[in-house]
Amino acid sequence: MELVVDGLVRRFGAVTAVDRVSFTVRPGEVVGLLGPNGAGKTTTLRMIAGILPPSEGVIRIGGLDIRERPLEVKARIGFLSGDTQLYRRLTPRELLFYFGRLYQMEEARLARRVEQLVRELEITPFASQQAGTLSAGQKQRTNIARAFLHEPDLLVLDEPTSALDVVSGRFIVEAIRREKAAGRGILFSTHIMGEAEYLCDRIVLMHQGRAVDAGTLPELLERSRCKNLTDAFLQHIGNPRPE
Amino acid sequence: MRLSIVRAIYRKEITETLRDWRTLLMMVGLPVILYPLLIIGASRIKEMQTEAMEAHGSVVSVWGDLPEALRKRLTKEGVLACEAWRGVPDELRRDLESGAQSVPWPEPEADKKKMDEATAGAKPAGPAAPPSAPAAEEPPPPPHPVLEAARMAISAREVDAIVAPLRTFKADMEEDRLGRLIIYYDSVRPESRQAADRAQDELLAYREDVRKERERAHGLAEGFTRGLDLASEDVAPPARVSGKLLGTSVAFLLIFMSLLGGLYPSVDLTAGEKERGTMETLLCAPLRSTEIIVGKFLTVWTLSMAAGAANLVSIAITLLRVLPGSALQALTPSPSAFLLIFLLYAPVSFITSACFLAVGVFAKDFKDGQNLITPVYMVFAMPASLVLLPGIELGPWTAFVPVLNISLLIKALLVGEARADFVFLTLLSSVAYGALAVLLAARLFEREQVLLGGRESLRATLGLERRRGALPSPVFSFVVGAVMLVVLFYGSLSLERFGVVAAILGTQYGLILLPTLVCVLGFGFPLRRTLSLRLPTARGLAAAVVLGLSAWAFAAGVLVRLVPPPESFTREMAKLFLDGDSLSLPTLWFVLALSPALCEEALFRGLVLSGLRSLGKWPALLLTAAFFGVFHASLYRLLPTAFLGVLLGYLVWRTGSLLCGIVAHALNNGLLATLSRAATLGGALGVSDGKPLPWHWTALGTAVMVGGLVLLRQVPEPVEERLGAGRET
């Protein structure tokens, strides 16, 4: 199912955090929102995930408008951010069952899906341990399982690898590839250029709340006449790298 | 230890703490505000209750012969009524008169206070303490027939107190001998204590006159004679005394301690979840905010109830371990008393859990949550402590004070003093407060600024911003209805002192119509659409007239039979209908028919109904009718007024015109006032003396009413109201 974002605006009082941003994410496509801190990436993703209402603009998934059908749209999205935490006194398995019930998954399907994710994400060794005792990497793996649990059409990942070491980050990258292969659309934000270059089919460059450019990596490099994404980005924001 | 390090840490902690204004507020602001408020509030409540008590005339029965001068002293217009032999069983009266039975005089060693020990002329002390129970090993002696009869007469409220002279009292007084008499009263009943105090004042004044007269007649020195011996005896059974003990101390302890059981979970489930970063996972799930908040509320409520059960079990076990074998054994409460207390703790924990949760949603983190919720806890726990003060009882002034009303209700039920009307008002107000608090919590939960830890104005948070041109929302109507319920209740009580007519007009125009118009205009709602101000069709108006003339018959014939009112209620209603007042019939119609019709219709079928319209026809009509019913603040008027509310709501819904509601309401009220005034007409219809309408008149009236409804169904519904266009969300 396609995500369509059109003319998205979000204001906080006098500050416009997101200013007329438009893009699409098609099924089986990985789109990266790339920009520095404060570019409006997290606010954009939170609006798409239904956590924040937009001030203006349209968000549609599979033709459904998030303002008109918020529950149906939310049911089609899996949201994960780098700082999302777990309930400390629940075990990963209990947590997955809890969210499965909130998403109204049928019990037999839920049980199967939980076991599948526990196996794939190598959660088994700590699946019965309370989340308060888990390491950051173990928590994030559990969180990936939570976001992917209900098999959403679109995955919205907000800097999912931040604060993770290389080994833990590997699970995220593998999971993204697996979900892409399964035909799911993936929208993720990052400020790590290498990650975007490595994973994304298309990239939206964001700066000061606006989408300053968008396209495939070759397209962006060609338009900017730069050799890498970092230089292309710096040129877009009017801060070219010194020779 | 390096003092420089300690000093650096101390300075940093103090600096940071003093920069947190909430901590400062808790530390200094709360004590500065709370205690004056509590003391002023308690004094005011007590003052109101004292005024109400003083207005209550005491009935004292005399079981024996008194000198005429004393009998006259015991009769004071509107204050003290003295009645001979009231409440005494015939056989006992014969025995007392013949001397076969005598009034028992308390033994000096008994734990009863002899009032003749009081200094002559001085204000006597209050009624005596209850007699202590006999030791566990000895079977209790059979109660004295006179004591037993006195207990029965006072318990049954036939009399407030009994003055029982010894058989020779009258002769003793006439022949200058020492006369003896005793006052029986029930220490648990405030009216009985007041009656005993009033009778005692008169008896002591009489004794002073007798003493002076005898000393003058016989040339004796002052203080040489006593004149009469006066004693008093508390006839409250031990179960009631133990009920009072439980109802005050145990109920207070339970509320004070158990509320903590809901406090910490409510912070943890709201602010704690924000702080831990798990709230986001809930917000992006396909859930309604009400589902989240109700789930959390039920958790807090369950934990608060569990804390209540744990506290109560612990108190019960402690009491059962301590009391057996002691002098207080007779006061050991029954398990059913504990169960009753636990059940009544449910509405208290319902309100407080919802309030804790509503405030917790506001907090940014756990510390912020504690700072915000602790004052709320104090606001609830401190009024509960007022139950410990003597003289504060469940009554009109306390029935709407949250938490305190339930504490007083527990006490009233355990001592068997709870009036059905006050029980109804207490439970009603508790449900209203609880529902308001849950609504508030749900409303706050929908506000992103609150959820994401930001701050916005209270008006914006509560959704009370001015929205020019939009109709009110259901939440707005609900809040207005619930707030008006409390304002009207206390407002009308305050106006009572100015007389019935002034109270009715003041309430209607000052407390109903004016706030309604202020709400509509102040919040920018369109006046004409909100209050359905449009002219009706001729058919709609005709239906209003027919319904206005006939609806009372169904209420007076059927509904009154379902919940028959007590005699005291009928007397109150007669007072309300200005029975015996010298008002002309047109003035009576203005006060009782036109004014309530105009003002109440503007509020209920205008502002409240327009806000509830978006819920659909029948939910809106039934909710408006429920508000209209409870607004009349009486268990016995609830059904008839709610029924009338449904009819009037349907009338305004179908015709789209408030005028139809006003016409029907005015005719209904005017007809009832006329019937209560015109004895001949009332007698002809068989509705005098509060009796229900005879069945044949009921059937006729109901048939006419049904005809009116059929006529009304032929009126086309106005399109605009069905659509509910331009609603505030």
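**Exercise 1. A glycine in chain A**

Is A:G215 buried or exposed? Place the residue in its chain and list its contacts.

*Solution.* The model is a predicted one.
Step 1: take the accessibility. A:G215 has a relative accessible area of 5%. The cut-off for buried is under 20%. Therefore A:G215 counts as buried.
Step 2: find the element. A:G215 belongs to strand 10 of chain A, residues 210–215.
Step 3: leave out the neighbours within four places in sequence. The contacts of A:G215 are then A:R202, A:I203, A:L220 and A:R223.
Step 4: look further along the chain. A:F23 is 192 residues away from A:G215 in sequence, and their C-alpha atoms are 9.9 Å apart.

**Exercise 2. Profiles of the two chains**

Describe each chain by secondary structure, burial, contacts and surface.

*Solution.* Step 1: count the elements. Chain A has 9 helices and 10 strands. Chain B has 28 helices and 5 strands.
Step 2: check burial. In chain A, 52% of the 243 residues are buried. In chain B, the buried share is 51% of 729 residues.
Step 3: turn to contacts with a separation of 6 or more. In chain A, 66% of them join residues 24 or more positions apart. For chain B the corresponding share is 77%.
Step 4: add the surface. Chain A has an accessible surface of about 11000 Å², with 49% from carbon and sulfur atoms. Chain B exposes about 32600 Å², and carbon and sulfur atoms hold 65% of that.

**Exercise 3. The interface**

How many residues does each chain bring to the contact between chain B and chain A? Give the buried area, the polar links and the make-up of the chain B side.

*Solution.* Step 1: count residues. Chain B brings 17 and chain A brings 25.
Step 2: choose a size. Interface size is often quoted as the accessible area lost when the parts come together. Here the buried area is about 1900 Å², and carbon and sulfur atoms give 58% of it. On the chain B side, B:E280, B:C284 and B:P286 supply 33% of the area that chain B buries against chain A, more than any other three residues.
Step 3: search for charged links. The interface holds 1 salt bridge. B:E280 and A:R46 form it through their side chains, at 2.4 Å from N to O.
Step 4: count polar contacts. There are 6 residue pairs in polar contact between the chains, with both residues at pLDDT 80 or more.
Step 5: map the chain B side onto its helices. Helix 8 (238–276), helix 9 (279–283) and helix 15 (448–451) each supply at least two residues. Helix 9 gives the most, with 4 residues.
Step 6: sort that side by class. The tally is 7 nonpolar, 4 polar and 6 charged residues.

**Exercise 4. Salt bridges within chain B**

Where do B:R73 and B:D209 lie in chain B? Analyse this salt bridge and two others in the chain, then name a network in chain A.

*Solution.* Step 1: start from the total. The whole structure has 31 salt bridges over all chains.
Step 2: take B:R73 with B:D209. Their side chains form a salt bridge at 2.3 Å, N to O. B:R73 is in helix 3 (residues 68–73) and B:D209 is in helix 7 (residues 190–218), so the pair ties together parts 136 residues apart in sequence. B:R73 is partly exposed at 24% relative accessibility. B:D209 is also partly exposed, at 38%.
Step 3: take B:R177 with B:D172. Their salt bridge spans 2.9 Å, N to O. B:R177 is partly exposed at 38% relative accessibility, whereas B:D172 is buried at 8%.
Step 4: take B:R180 with B:D229. Their side chains meet in a salt bridge at 3.5 Å, N to O. The pair links distant parts of the chain, 49 residues apart: B:R180 sits in strand 4 (residues 179–185) and B:D229 in strand 5 (residues 228–234). B:R180 is partly exposed, with a relative accessible area of 30%. B:D229 has a relative accessible area of 1%, so B:D229 is buried.
Step 5: look for shared partners. A:R109, A:E151, A:E179 and A:R184 are joined by such salt bridges into one network.

Technical notes
Residues numbered from 1 in each chain as written. Chains lettered and ligands numbered in written order. Predicted model: local features only at pLDDT ≥ 70, side-chain atom pairs only at ≥ 80, totals over all residues. Heavy atoms only, no water. Buried < 20%, exposed > 50% of the residue type's maximum accessible area, 1.4 Å probe, protein only. Contact = heavy atoms within 4.5 Å. Areas by Shrake-Rupley, 256 points an atom, 1.4 Å probe, with all protein chains shown as cover. Buried area = accessible area lost by both parts, 1.4 Å probe. Salt bridge = Lys/Arg side-chain N within 4 Å of Asp/Glu carboxyl O. Polar contact = N/O pair within 3.5 Å; in protein donor to acceptor, adjacent residues only side chain to side chain. Nonpolar A, V, L, I, M, F, W, Y, C, P; charged D, E, K, R; others polar.
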